[in-house]
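Student: I would like to learn how structural terms are earned. Can we go through a model together and test each word against its definition?

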Number of protein chains: 2
Amino acid sequence: MTITQLEYIVAVDTYRSFVAAAEKCFVTQPTLSMQVQKLEDTLGVKLFDRSKQPVTPTEIGIEIITQARILLGESEKIKEIITDRQKELSGELKVGIIPTVAPYILPKILHGFIEKYPQVKLIVSEQTTETIIQQLKLGMIDCGILSTPLNESSLTELPVFYENFVAYVSKNSKLSKKKTITPEDIDMEEIWILNEGHCMREQVLNICQRRKSTQGFKHFEYNTGSVETLKRMVDQNNGATILPELALAGLNDKQLDKVRYFKSPEPAREVSIVIQRNFLKRRMIEALKNEMLEFLPKRMKSKKKREVMDI
Amino acid sequence: MTITQLEYIVAVDTYRSFVAAAEKCFVTQPTLSMQVQKLEDTLGVKLFDRSKQPVTPTEIGIEIITQARILLGESEKIKEIITDRQKELSGELKVGIIPTVAPYILPKILHGFIEKYPQVKLIVSEQTTETIIQQLKLGMIDCGILSTPLNESSLTELPVFYENFVAYVSKNSKLSKKKTITPEDIDMEEIWILNEGHCMREQVLNICQRRKSTQGFKHFEYNTGSVETLKRMVDQNNGATILPELALAGLNDKQLDKVRYFKSPEPAREVSIVIQRNFLKRRMIEALKNEMLEFLPKRMKSKKKREVMDI
DNA sequence: AAGTTTAATAGAAAAAATCAATAATTACTA
DNA sequence: TAGTAATTATTGATTTTTTCTATTAAACTT
């Protein structure tokens, strides 16, 4: 007994004709006839009296067709569950994301996401942590992707991944001599750092424990909002900087030589999707989170063996 | 989406293991895995999270599996309809049948009937019309097969077929000269007739309009209860008799030469299944009737162009 | 009684389900 | 943390099932 066979007998009952029923089912008449016969065989009863025109269901046929209609109704409900779900997955999703995360994760998942959920319109804006929090509270965006913990009681954090910090050092730097480093090895004098307003600036300062430069003074200051710029400063000048590990993707061999990992427990940041406590668009945000997780390597999904930096 | 696929996902949900589920469904694990995947493809959603052990249904998977269980329940009900019906088709069916019908119809359908309904025990007894009516009223038998109409208000008649009477005449008889005959042609003197108590005797007398023999007298009387004996009397002696047409089946060519049909409207008898007004065992009796109809030629199912004889 | 409509049947082709063998993951354990 | 065991996915061959076209058989209509 198959659902198709039940559809066929319901059609025959409805149209009282094998030819008409076959047409409505988009199959040929022999196909439908054989399937009806097969069902009659498996059930062991005649469902239709074909001896006169129009064909009529037998007494037991009426009972079974009635039940078949019920079953087909239940099968429709399964499809409804899917379409209902898809409705929840349509509309706009406004996302605020911090600039130190955005370039390393969004481009990777954007294509897959819009492919998977064509009914969702993603509206992404790069903002600082502070702005994102404000907009979340005002309901101007649906979720934020940023570094946590925030200690904001009105917001809920859904941790997505843990990303280690690494040092990126020029050949001239003392750090270059070591295989693995500790925060104590860092000379604040030579470190390129993001400008104010970026939470990652605070995290990096935390790593370095806000130590004063041991000797001399910084000969110049350069303020940037972009991690990529920090990297280029090291590449084209001297000194060192701290990068999130996802920024290493796409480095060439020469650049990878400049990477120095911290000794365990490595300093790291927690990246979360942050939402209002009474949040809507659960499904869409869930989908976004899953899409991110799918792209990330497994090791980044656990807090273990790291020291998560405060903001 | 097939019922089998739904069975598979319910099994996986129940056992939380593809291997165990496959075993319970009596298929191999790859078979089950592929069908689950196919269902996931057609629905366009992941139903199970296989990334950890034991496998767990996804959020939407839970909804769909719940609905699948409902659907499978409805599919069980279809089978129940059949088994319920079969219960109604089991037990004893006591049938009373008149001797002038019994030998020509019962042997033909008996084999097919017990084949088709192995749970039914048919208990048949040959009786005269009078006895059958009595036993029906007393509930000692479930139905009677006899010639109608009876004019018994407490009984219901379900006409099954109409059987013409034909003349069976020896070479010596005047009737033998004619191709078709009329009742007026019959000479009561030479007619062999059933003895008292058989309704067919009355019907044959009605055909002959109880005419007195025109001349001479009967030199001997022979009383029999069997139509077959009447036939042999004609074969081995002289004279003529009246037979029901089903008695012609199995005659050889020489015997068929002795058959003379009446001019239209041919005299006929109505044979019915007779039951009590508030009758039980509907299904079994219905089945018996259908079995009889299946064996009978189409022309015997209609009253047309006949004159139904009273009893 | 001839022509039309309708369902059944036969045979071939396409599609699908199943299995055995094996690969890839994930979990467990020393 | 490496190695083993258990579990699910994949592959390719085989069998089963479904579907189609062409035709036959039966019932209905005129």
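What follows is a dialogue about the terms used for this structure.

Tutor: This is a predicted model, where local features need pLDDT of at least 70, side-chain atom pairs count only at pLDDT 80 or more, and totals for chains, interfaces and linings use all residues. Residues are numbered from 1 along each chain as its sequence is written, chains are lettered from A and ligands numbered from 1 in the order in which they are written, and side-chain values use heavy atoms, with hydrogens and water left out.

Student: What makes a residue count as near DNA strand D?

Tutor: One of its heavy atoms must lie within 4 Å of the strand. For DNA strand D, 21 residues surround it. The closest are T28(A), T31(A), K38(A), R50(B) and Q53(B).

Student: Which part of DNA strand D do the atoms within 4 Å of the protein belong to?

Tutor: Sugar or phosphate for 72% of them, and bases for the rest.

Student: What makes a pair of atoms a polar contact?

Tutor: Both are N or O atoms, within 3.5 Å of each other. Within protein, one must be able to donate a hydrogen and the other to accept it. Residues adjacent in sequence count only if both atoms are side-chain atoms. Now apply that to DNA strand D. The side chain of T31(A) has an N or O atom 2.8 Å from a phosphate oxygen. V19(B) uses a backbone N or O atom, 3.1 Å from a phosphate oxygen. The side chain of Q53(B) has an N or O atom 2.8 Å from a sugar or linking oxygen.

Student: Which elements supply the surface near DNA strand D?

Tutor: Helices (H or I, at least four residues) and strands (E, at least two) are DSSP runs, numbered from the N terminus. At least two residues each come from α3 (29-43) of chain A and from α2 (18-24) and α3 (29-43) of chain B. The largest share, 5 residues, comes from α3(B).

Student: How many residues of each class does the surface near DNA strand D have?

Tutor: There are 8 nonpolar, 10 polar and 3 charged residues. Ala, Val, Leu, Ile, Met, Phe, Trp, Tyr, Cys and Pro count as nonpolar, Asp, Glu, Lys and Arg as charged, and the others, Gly among them, as polar.

Student: What surrounds DNA strand C?

Tutor: 20 residues, the closest being F18(A), Q29(A), R50(A), T28(B) and K38(B). Sugar and phosphate make up 78% of the atoms of DNA strand C that come within 4 Å of the protein. By class, the nearby surface has 7 nonpolar, 10 polar and 3 charged residues. R50(A) has a side-chain N or O atom 2.3 Å from a phosphate oxygen of DNA strand C. Q37(A) has a polar side-chain atom 3.2 Å from a phosphate oxygen of that strand.

Student: How do you know how chains A and B are related?

Tutor: A rotation of 179° with 0.1 Å of shift along its axis superposes chain A on chain B, with RMSD 0.2 Å. The two copies are therefore related as by a two-fold rotation axis. The fit is by least squares on the C-alpha atoms of residues with pLDDT of at least 70 in both.

Student: Why do we say that the copies meet through the same surface?

Tutor: Because 100% of the interface residues of chain A are also interface residues in chain B.

Student: Why is Q203(A) called buried?

Tutor: Its relative accessible area is 0%. Buried means under 20%, exposed over 50%, partly exposed in between (1.4 Å probe, protein chains only). So Q203(A) is buried. Q203(A) sits in helix α7 (residues 199-207) of chain A. Its side chain makes a polar contact of 2.8 Å with the side chain of S147(A).

Student: What makes helix α7 of chain B mostly covered?

Tutor: 7 of its 9 residues are buried. Among them are C199(B), M200(B) and Q203(B).

Student: Why is N151(A) called exposed, and K281(B) partly exposed?

Tutor: N151(A) has a relative accessible area of 73%, so N151(A) is exposed. K281(B) is at 30%, so K281(B) counts as partly exposed.

Student: What is notable about phi in N151(A)?

Tutor: Most residues other than glycine have a negative phi. N151(A) has a positive value, near 60°. K281(B) is also not a glycine, and its phi is positive, about 55°.

Student: Which peptide bond leads into P54(A)?

Tutor: A cis bond from Q53(A), with omega about -10°. P54(A) is in the loop between β1 (48-49) and β2 (56-57) of chain A. The bond from T148(B) to P149(B) is cis too, with omega near 0°.

How values were computed:
Contact = heavy atoms within 4.5 Å.
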